[in-house]
2 protein chains.
Amino acid sequence: MPGAQKGDFAAKLRVAQLRPTKQRVALARLLFAGADRHVTAERLHAEAANSGVRLSLATVYNSLHQFTAAGLLRQVIVDGEKTHFDTNTGEHHHFYFEGGDLLTDIPGGDVRIEGLPRAPAGTEIERVDVVVRLKSRG
Amino acid sequence: MPGAQKGDFAAKLRVAQLRPTKQRVALARLLFAGADRHVTAERLHAEAANSGVRLSLATVYNSLHQFTAAGLLRQVIVDGEKTHFDTNTGEHHHFYFEGGDLLTDIPGGDVRIEGLPRAPAGTEIERVDVVVRLKSRG
DNA sequence: CAATAGATTAGAATTATTCTAAATAACTCA
DNA sequence: TGAGTTATTTAGAATAATTCTAATCTATTG
Ligand SMILES: [Mn+2]
Ligand SMILES: [Mn+2]
Ligand SMILES: [Zn+2]
Ligand SMILES: [Zn+2]
């Protein structure tokens with residue numbers, strides 16, 4: 001069983017048809033070793049740097065997009081500034097706290113959306129995103 | 001009744017404590033003369049140019065933000081690239097068609113969202129946004 | 001009108017992200 | 001395992017949306 005001891009990140013990447021390079025394995029570890037998380041490219045890059053991995057920001061962007069294309073991540077658009085990537089690819093929604101740029105999950109099973117009209121002719125629904133925008137209680 | 005004949009756009013601006021300059025009145029007309037609409041800064045700028053108004057893109061951005069602060073517009077974040085501004089400030093949701101960058105309204109009264117957990121401690125819900133992402137039927 | 005506060009704007013700056021093209025590393029299989 | 005092929009990484013340039021600066025206008029007010 002070649003390469004099974006560093007976690008199965010290399011395996012996970014191979015399944016996704018991505019060569020398990022040092023950079024991708026390091027990013028996969030940061031993303032998938034623990035609980036589900038939400039990251040921006042810039043923050044993941046900083047985290048990688050902190051954990052001793054030297055890789056370019058371009059590689060972080062490349063990898064995040066490749067992981068997304070492979071279904072390992074999804075993008076969450078809540079913020080006009082930066083794109084957030086989410087390791088939770090199941091159906092769920094988000095709390096978003098603007099001051100603090102903080103995203104947290106709302107389990108999908110709990111939320112029901114009723115009364116949506118059907119998709120316009122020639123289109124179909126790809127996904128329904130709910131974002132609950134929070135402000136601090138003043 | 002000074003300045004009532006060009007539509008009440010100047011009046012609308014005065015109520016919002018904004019000087020009814022030529023530029024702002026022109027933008028207000030484009031935005032508020034007809035049915036509700038969704039625009040980006042770039043598109044509104046192009047439209048203004050087409051309709052013979054010469055104004056800078058910076059002024060379009062300034063005005064859109066001032067109108068938003070005044071409650072005449074709201075922002076809709078559906079797209080990592082550009083910010084959309086919405087003349088419909090009532091409670092409602094959106095269909096978003098990515099290929100085509102097209103936003104359309106889903107009346108708010110029709111949609112019910114149930115099962116949302118309550119806001120985390122120290123925060124309160126500012127707004128709940130639902131975006132139904134569409135793709136063309138293949 | 002004159003004075004003043006506020007608005008507009010050209011162009012530079014900023015930020016997030018993507019692109020380019022050259023160097024490097026992973027994979028294949030003989 | 002090594003040569004050859006292909007995929008990946010990366011520095012730095014490029015792009016795109018948006019904001020900022022500071023100089024010039026303009027609406028308002030008395
Ligand atoms: Mn858009
Ligand atoms: Mn951007
Ligand atoms: Zn999530
Ligand atoms: Zn709308």
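A polar contact is a pair of N or O atoms within 3.5 Å, and in this predicted model such a pair is found where a polar side-chain atom of B:Lys82 lies 3.1 Å from a phosphate oxygen of DNA strand D. The table sets this pair beside two others that involve the strand.

| Residue | Part of DNA strand D | Distance |
|---|---|---|
| A:Arg24, polar side-chain atom | phosphate oxygen | 2.2 Å |
| A:Gln23, side-chain N or O atom | sugar or linking oxygen | 2.9 Å |
| B:Lys82, polar side-chain atom | phosphate oxygen | 3.1 Å |

Around DNA strand D there are 20 residues, of which A:Thr21, A:Arg24, A:Thr59, B:Tyr61 and B:Thr83 are the closest. Of the strand atoms that come within 4 Å of the protein, 85% belong to sugar and phosphate. The surface near the strand is made up of 6 nonpolar, 7 polar and 7 charged residues, and at least two residues of this surface come from each of helix H2 (22–32) and helix H4 (57–69) of chain A and H4 of chain B. H4(B) gives the largest share, 4 residues.

Turning to the interior, the largest nonpolar core holds 22 residues, and those touching the most other members are B:Leu31, B:Phe32, B:Leu44, B:Leu64 and B:Phe67. Two or more residues of this core are given by each of helix H1 (9–15), helix H2 (22–32), helix H3 (41–50) and helix H4 (57–69) of chain B, with the largest share, 6 residues, coming from H2(B). When neighbours within four places in sequence are left aside, B:Leu44 is in contact with B:Leu27, B:Leu30, B:Leu31, B:Val39, B:Val60 and B:Leu64. A second, separate core has 21 residues, among them A:Ala16, A:Ala48, A:Leu55 and A:Val60.

Technical notes:
Residues numbered from 1 in each chain as written. Chains lettered and ligands numbered in written order. Predicted model: local features only at pLDDT ≥ 70, side-chain atom pairs only at ≥ 80, totals over all residues. Heavy atoms only, no water. Core = buried A, V, L, I, M, F, W, Y, C linked by side-chain atoms within 4.5 Å. Buried < 20%, exposed > 50% of the residue type's maximum accessible area, 1.4 Å probe, protein only. Contact = heavy atoms within 4.5 Å. Near = heavy atom within 4 Å. Polar contact = N/O pair within 3.5 Å; in protein donor to acceptor, adjacent residues only side chain to side chain. Nonpolar A, V, L, I, M, F, W, Y, C, P; charged D, E, K, R; others polar.
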